[in-house]
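Please examine the sequence and structure shown here before reading on.

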Amino acid sequence: MTNILSLEGVEKTYDSGFTALHGVDLTLKEGEILALLGPNGAGKTTLISCICGTVMPTGGKITVGGYDALTDFRKARGLVGLVPQEIHLEPFSKVWDTVRYTRGLFGKKRDDAHIERILRELSLWDKRDSRVVELSGGMKRRVLIAKALSHEPRILFLDEPTAGVDVDLRKEMWEVVAKLKASGVSIVLTTHYIEEAEAMADRIGVINAGRLALIEEKDALMSRLGRKSLKIELESPIREIPDDLRSYDLELSDNGYALIYEYEAGAARTGITRLLSDLRDAGLCMNDLSTRQSSLEEIFVSLVQSQEEVRS
């Protein structure tokens, strides 16, 4: 799969001396969704702004669709659509006019059929003659996406697209993103909602303090860094873990009616077979077994914490 976006050693240091990005290397493949996770102030928005040309990097190289983002700015920027965090729209402009005007700003010829198609795909067609001020917050975010897609970009940046949106609208937005991917648009998503990345992304990037801590296939990341918990429900409660089982680092729960055993999800040997055998030898009878895998949120938190410990 061809890379549509490439970043090499991208840095950004402001006049105040604050460095927001430290030598970021990143690629985006055609037709994939990349989720960038990170706490507030991690550098997510700065990175997107550098790619989209609203912030000038102080070092490194950015290539969009084969065009240098600095020396071939217009061609590179024409391949990019940006949906910013903040909702900035002309309140008294009609939805149709707002989206069509944005297409013209990129020098594209008038194409009402294309605008109609976008509005229909985003469930905005019935609102085409409504003024922006009359729309709900969720609908305004859809208008931002329509504007970003008006000039037919090959990459769409969604910077916190569901911030302040209720759960139902968030799920609708996920469906919109899935349709965009199916149409061949490459997507970079920044979000605080870990479940969004877990539900939609092909790859996960973790950025913290301006540094890209890792970037990896989502499934591989969860398999490599995720942990599983085995819950063993007992027929009778116990007050403490038998001495013969202490080497397993078990946790007593449910008022002594259950034992929790944690292990690496991708480990070749989990130790479960030996544990169950030792449980039987210890005279403990089981009622049930269940497993739970750590979420992407737990993996993200552990990665950020470990990175902070290294820097300190």
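The briefing below covers the sheet, the helices lying across it and one surface patch.

This is a predicted model, in which local features need pLDDT of at least 70 and side-chain atom pairs count only at pLDDT 80 or more, while totals for chains, interfaces and linings use all residues. Residues are numbered from 1 along each chain as its sequence is written, and side-chain values use heavy atoms, leaving out hydrogens and water.

**Sheet**
- Six strands (DSSP E runs of at least two residues, numbered from the N terminus) form an open sheet in the order β6-β7-β8-β3-β9-β10, with mixed pairing; pairing requires at least two DSSP bridges between two strands.
- Because β6 (80-83) and β10 (211-217) are edge strands with a single partner each, one side of each has no neighbour in the sheet.
- From one strand to the next, the twist averages 15°.
- Strands β9 (residues 203-208) and β10 run antiparallel and are joined by six bridges; Val206 has Leu214 in β10 as its bridge partner.

**Helices across the sheet**
- Helix α1 (residues 44-52) lies across β3 (33-37), β6, β7 (155-159), β8 (186-190) and β9, at about 150° to β7. Helices are DSSP H or I runs of at least four residues, contact means heavy atoms within 4.5 Å, and angles run from 0 to 180 degrees between N-to-C directions of axes fitted to C-alpha atoms, for helices over the stretch in contact.
- Helix α5 (residues 137-149) lies across β6 and β7, running at about 165° to β6.

**Surface**
- Phe106 is located in the loop between α3 (95-105) and α4 (112-121).
- Phe106 counts as partly exposed because its relative accessibility is 30% (buried is under 20%, exposed over 50%, partly exposed in between, with a 1.4 Å probe and protein chains only).
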